[in-house]
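Reader: I would like to learn how to read the contact between two domains of a chain. Where should one start?

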Amino acid sequence: MSLKPLLTIAMLAIGAQLLAQYKQPAPDVIDKKVEALLSQMTLEEKIGQLNQYTSDRLATGPLTPNSAKYQEIKDGKVGSMLNIRGAKETRMIQEMAMQSRLKIPLLFGLDVIHGYRVTFPIPLAEAASWDMNAIESSARVAATESAASGIHWTFAPMVDIARDPRWGRVMEGAGEDTYLGSLIARARVRGFQGKGLGNLDAVMACVKHFAAYGAALAGRDYNSVDMSDRQLWEIYLPPFKAAADEGAATFMNSFNDLNGIPATGNAYLQRDILKGKWNFKGFVVSDWGSISEMIAHGFAKDNTDAARLAMLAGSDMDMEGHAYINGLAGLVRDKKVDVALIDDAVRRVLHKKFEMGLFDDPYRFSNEGREKKVLNSVANRKTAREVAEKSIVLLKNDNQLLPLSKSAKTIAVIGPLGKSSTDMKGFWSVDWENDHLVSLFEGLQNKVGKQTQLLYSQGCAIKDSSRNGFADAVATAQKADVVVMAVGEAFDMSGEAKSRSNIHLPGVQEELIKAVQATGKPVVVLVMGGRPLIFNWTADHANAILYTWWLGSEAGNAIADVLFGDYNPAGKLPMSFPRAEGQIPVFYNAKSTGRPSPDGMPAPYRSTYLDLPNTPRYAFGYGLSYTSFAFSDLKLSKSTMQANETIEISFTLKNTGRYTGEEVAQLYLQDVTASITRPVKELKDFQKVLLKPGESKTITFTVNKDKLSFYDQKMNWTAEPGEFKLMIGNSSDHILLQDKFELFN
Ligand code: NOJ
């Protein structure tokens, strides 16, 4: 008998299993089960639930050798493992946990940051889509794939606001803006957790890094953070709150100290704010070794002291710190830690294990049949391609060089990233044998017909100083009708511990662009990387520039779609691009100061630089389209509002160009005079609108009291009466409509 019908039946069964909605027991039913289990646990078993080890094979931090860890699992001394993946492997390790006295299943956690089997664009790139459905769909695919591979828990989303592109981890977040970042935090939590924990295509989200990790001093990873409470509450905390409100299952604390107290030992953050004010019911995992790192911070005197401080502060689980497992029991016996705190942490962890259905079947996520079916499907790759298209930002397009004609005879691909596929995967991707990431060159080959000849010359390496390849690159360009240059960073130049003080295009790449541009051929520059890079000469001289980040598995295909106009780019920068490192931090929602320069240009006795404008090279919210849009007819439903009222702001958006395209219309507000100095503008709403040529649409934004509020001198969230300026534009630095209104109390 052929295997085919059997396979089909099996696949239908798997499909039905995935579709069937998991029936979650009521929370109080779970509470009772948790209590019943807790009452049977010894202190050592409880502490075991708070202990997380990494696999030895994949370390995402400094590894502490421990040959006993698998025996410890059998002894009930481990609650979770990270960096184990695959239905087979997770089943094998789970079987060890099933040998323990109480048979409490392990949680398997992994950094599923931008895709699992299919790699999606890095989160910063996805943020450039300003498209919450796209971002949610990316997280959904990642969840579906990883959950089919035995994973219960992803260490994402990272919701750290970041204003410093020297910090390599900007690639993992949503950029500099709190409002956009909060929406994205929610979308990603929805995507990961799907219809809810317990479903076979849902993984627990882990919101990180709590808190203020993105403000690391001087952009150096793991560095200290010192900031006002106002800035913390206004800029850095809201995306965490949004993710918690969306039902995120877990949080991760952070490596940095905040105002002198390491986040891991910070009771204000974890107990007062997260578990107190926000009533968060999930659990908090430490970052890798961050409990024991409190010794190096000079905050704990040894590992036991670190365990005590972390437990008192509300860190529930110890990731690879070996501090809880070695120190907590003694601390309880010595009465330095109340067992009630440990019980609370264990309850939180067990609750999630019940919610995931792991006590019904500890192997329910470890199903090789489902894994085979779900991973790397055509549909998942298609989603990755669509999200990649949406992530691309068109920075420049002189004389409408783009889109390229499909009948171009000869196209030269030049640059160190032209044929690279590895770099398309970005820093936080999962490694696979025989992975297929589509390079730019391959994407172009897939796109163009036989009449088009594709040439290639590498020109130079990403980081080297050798110019030996320039002559060949120039000769190749000379043979072409148009040149597409692929420059930028290697996949491991932005990410964790990848801070850089020089964020110009690395090596001699900009010189290569100069040499090629000197041929007089039309040049399109594609910049690939994990952070805003600096490339002023290119910005001034190249004919067209697309920022293509690291786009994942379908990178080359998505770029080709955009280059030839099968997709009209609509991305907008989620982070300002500086002109020079000396401007950093440069962000759009800055304060006016007492001596502003009206145009940001150097001026005597003004808040400016002698040698640079204040403005970034490319501003937050900036991005072009192949078509053009007009903004007109601004109308306010009224010019004054009471605090309990709203104002409707409407205007007409028209596609005035030749292509169907999307525009992101952005609403910014400014509280003109207040008891606290306010930013010159803050994003408060936006809409991404698709319009055909000649088509127009009325767009409406609603302003309510919350959009006008801020933390006053007593740290009360309030809106003060007075004048507000409203600005509507297609970028934070390109305001096309403006008006004002007044708030009365
Ligand atoms: C350290 C990183 O800061 C964190 O984001 C990550 O989830 C863990 N390592 C685990 O890999």
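Author: Start with a single pair of side chains. This model is predicted, and in it Arg678 and Glu234 form a salt bridge, with their closest N and O atoms 2.9 Å apart.

Reader: How many salt bridges are counted between domain 1 and domain 3?

Author: The count is one. A salt bridge here needs a side-chain nitrogen of Lys or Arg within 4 Å of a carboxyl oxygen of Asp or Glu. Polar contacts are tallied separately, and six residue pairs between domain 1 and domain 3 are in polar contact, both residues at pLDDT 80 or more.

Reader: Which elements give two or more residues to the side of domain 1 that touches domain 3?

Author: Two helices do so: H8 (178-193) and H9 (229-236). Helix H9 gives the most, with four residues. By class, this side of domain 1 has six nonpolar residues, five charged and one polar.

Reader: Where do the domains begin and end in the numbering?

Author: The domain assignment places domain 1 at 109-370, domain 2 at 376-581 and domain 3 at 629-744. Between the C-alpha centres of domain 1 and domain 3 the distance is 33 Å. Contact involves 12 residues of domain 1 and 15 residues of domain 3.

Reader: What area is buried between domain 1 and domain 3?

Author: About 1200 Å², with 61% of it from carbon and sulfur atoms. On the domain 1 side, Trp130, Tyr179 and Arg230 supply 57% of the area buried against domain 3, more than any other three residues.

Notes:
Residues numbered from 1 in each chain as written. Predicted model: local features only at pLDDT ≥ 70, side-chain atom pairs only at ≥ 80, totals over all residues. Heavy atoms only, no water. Domains from an automatic or database assignment. Contact = heavy atoms within 4.5 Å. Buried area = accessible area lost by both parts, 1.4 Å probe. Polar contact = N/O pair within 3.5 Å; in protein donor to acceptor, adjacent residues only side chain to side chain. Nonpolar A, V, L, I, M, F, W, Y, C, P; charged D, E, K, R; others polar.
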